[in-house]
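Let's take a walk through this fold, stopping at a pair of helices, then one more helix, then a single residue. Have the sequence and the 3D view open as you read.

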Amino acid sequence: MTDIRKQLLAAFEAEHREHLQAIRSALDHADGGGIDLTDVFRRAHSLKGAARAVDLPAVEEVAHQLEALFSQVLDGQQSLDTPTIATVRQNLDLIEDLVADVLKPSEPQAAQVPVAKPEPLAPEATAPKAEVPAHTDTGTGAYLRVAAEQMEELSDSMHQLLAELQADEGIDDTLRQVELEVRGLRRSWDQLHAQVNTLSAATQRAPDGSGFRGNPSFAPRLRDFDQGLKALFRRLSALSRDRRQSSWSLEQAARQVRDNIDRVSLVSAETVFGAFGHMVREIARKAGRDVNVRSIGLDIQADRQVLQALKDPVMHLLRNAVSHGIEPPEDRLATGKAERAEVTLELASRGGRLVIAIRDDGRGPNLERIEEVAVERGLLQRRSAGHPPPMMDQLLSLVFAPGFSTAGEVDRLSGRGMGLSVVAEAARRLQGSVLMRPRYPHGTEVLLNVPFTAARQPLLLLEAQERMFGLPSHAVVRLLRLPADTLESVEGRPTARIEIGGQDVIVPVVALAALTGSPNAPLPIEAGHVKAVLVRHGPRACALAVDTFHDVRTMLVSDVQAVGLNELVSGTVLLENETPALVLSPDKLVEHWVKNEGSLAAGGLGLARWAPEEERRARTILVVDDSITTRTLEKSILEAQGYEVLLSVDGIDALHVLRSGEAIVDLVIADVEMPRMDGFGLLQAVKNDPRLSTLPVILMTSRADPEDVRKGLDLGASAYITKQKFDQRELLATIGQVL
């Protein structure tokens, strides 16, 4: 194949997936009348032209039929009813299958599997058969598609950084000028000092004091020196303020450049997971299942290394959904389900993390069979008569153990007991987690929660028994300072009663040192209080008691493991003094505690559960600032901590958001200096509105004068933070106290 042919096919592979995904997404909204038929028609037309450009007549013909159908719908000659939508979907699947057959490497010994032919779109239109060339190689690994918008943002942020650097050079010029002035003052002082010595000697020689009157130039020069010294102090004070502001601006500009570079280095999930729909349909076809595969959110972008590391695990979960979850058509009909099953792959951004969900509407997890296999493998003790069964989440976590399988026999799809443990290991290596749960009324869902990038992770640094640890911030529910005398005892173990997500729950309080090498470590108590970090895994929570909280940092996490703590450690980071700190896995910490305190976990502390994360409303913060850079910075910091963030450009815009009632806002963070309505005006309007008066407001501004601080607090601000000393730790700590 020629190089130009490879390049054309590589471009077409990405383009056709984009068009198919857009058309499928539009069809999902057809029932509610929200479909943009003009866009759908345009995409079918573009797909036809692209197929013609790469000489794929079979794909061109099917795309032409789609184009003709959408044209008839636009003209009112054809209705987009349910049977027509089903036929369109089948033809979209056919296009995907045709392209996949063209792009896959040839396998001379492999048996040819015919492609199922969909219903025709029109009476005279039939779908052509696939034309598969003998040897094809797209060479897609050498290409990276970058959105023009991202390149423009990167260019803008680079220009902003250069402007800040140029402004910083101006400060250096001012410093050099100040240095010259200081030298001039030093020379003046030397001269004055000499005059003072001379005058002193003359005065001693003249008893009547005529020495001072004989030197009339001394007093004016002394006044000039005093004025010059005061002017120098004023310039130094202004220069110090300019330097602090410049340093802050440079840091933000550099952060923006870094973030934009990170965005450019991200790739669409479509490039890795785009072909999965075709592959799952082939697997289902060979297994005698009729499956509709839905892919949602493939336009989301993540680190290529993360997506590649998840490629095989996600494919196995999809295969598992077909082999374990989906029943034969006759069984589905007998239970009142649709004959055609549905498997969904959905990607979403949640709390600054990438969440991948694999769902099916099949039979759901067999908890009795899982318990039976767990007992056989020694993972659980056999229950005596009358003893309650294990908690459901405890049972479902066992399916990720090495060698665990509920399949009755080994076939080419399942039964070898290797897949789900590989999924869990892949998530752990990415400092992520995996969770299985049943769907209601039927089916199974598996959730993979991983960072968008493989290397840099936001970590909460903490200390326990003089050892430093890092805890991924996404799993931190909140930081606690618990009075020791309020701790309760359940079955001899310390617990705390905490309000979580509107529910009053009891959580275990465990010394972190007890989980990381010192089993008998007591709870660290300082000044009558216990410092603890509340972590979660699925619906379970646990409060880990520590000696000290340090700060939250985004750090490079390496894959070096610690001897003896492999199960609990997901990596290491290096601190400033080159001292390594272990990065702990929150889900493994919770699972480790449950495993070693099984009776307690299944008893009273079963109360340490609440609604799954996606069923709870995340706290919403409204950020009000006329600077897009500041808004973007604050948004990224807050979303990384799991908050929902709304943005407004000034006080009037913010009041419109608050009074519209379209979103429930829990906190407002506002700048003071803004056009139309400043932060003081916004604060006053909020406090004077009976519907909003209880809403907390934090003012974060460069105005640090005591009068401004006093005015903000007098108007009812919950806190006042100055940007000159801006520290995200202070911001997050303040938010935690306010909320």
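Start where α3 meets α4: in this predicted model, A58, V59, V62, A63, Q65, L66, L69 and F70 on the α3 side touch T84, V88, N91, L92, L94, I95, L98 and V99 on the α4 side. Sort those contact residues by type and you get 13 nonpolar, 3 polar and no charged. Now look at how the two helices run. The axes of α3 (residues 57-74) and α4 (residues 82-103) come within 9 Å, crossing at roughly 160 degrees. Anything over 145 degrees counts as roughly antiparallel, so that's the label for α3 and α4. As for handedness, α3 goes past α4 in a left-handed crossing.

Next, jump along the chain to helix α19, which spans residues 651-660. Its buried residues are G651, A654, L655, V657 and L658. Which side of the helix do they take? They cover an arc of only 160 degrees around the axis, so they sit on the same side of α19. And what do these buried residues of α19 pack against? Their partners are three strands, β19 (620-624), β20 (644-648) and β21 (667-670), plus the helix α20 (679-688).

Last stop: S433, which you'll find in strand β6 (residues 433-438). Is S433 buried or exposed? With a relative accessible area of 15%, S433 is buried, since the cut-off for that is under 20%. Leaving out residues up to four places away in sequence, S433 touches A427, L447, L448, N449, H537 and D587. Check P586 as well: 153 residues separate P586 and S433 along the chain, yet their C-alpha atoms are 8.6 Å apart.

Key: Residues are numbered from 1 along each chain as its sequence is written. This is a predicted model: local features need pLDDT of at least 70, side-chain atom pairs count only at pLDDT 80 or more; totals for chains, interfaces and linings use all residues. Side-chain values use heavy atoms; hydrogens and water are left out. Axes are lines fitted to C-alpha atoms, for helices over the stretch in contact, and angles run from 0 to 180 degrees between N-to-C directions. Helices (H or I, at least four residues) and strands (E, at least two) are DSSP runs, numbered from the N terminus. Angles under 35 degrees count as roughly parallel, over 145 as roughly antiparallel, 65 to 115 as roughly perpendicular and the rest as oblique. A crossing is left-handed if the near helix is turned anticlockwise from the far one by less than a right angle, and right-handed if clockwise. Contact means heavy atoms within 4.5 Å. Ala, Val, Leu, Ile, Met, Phe, Trp, Tyr, Cys and Pro count as nonpolar, Asp, Glu, Lys and Arg as charged, and the others, Gly among them, as polar. Buried means under 20% relative accessible area, exposed over 50%, partly exposed in between (1.4 Å probe, protein chains only). The arc is that of the directions from the helix axis to the C-beta atoms.
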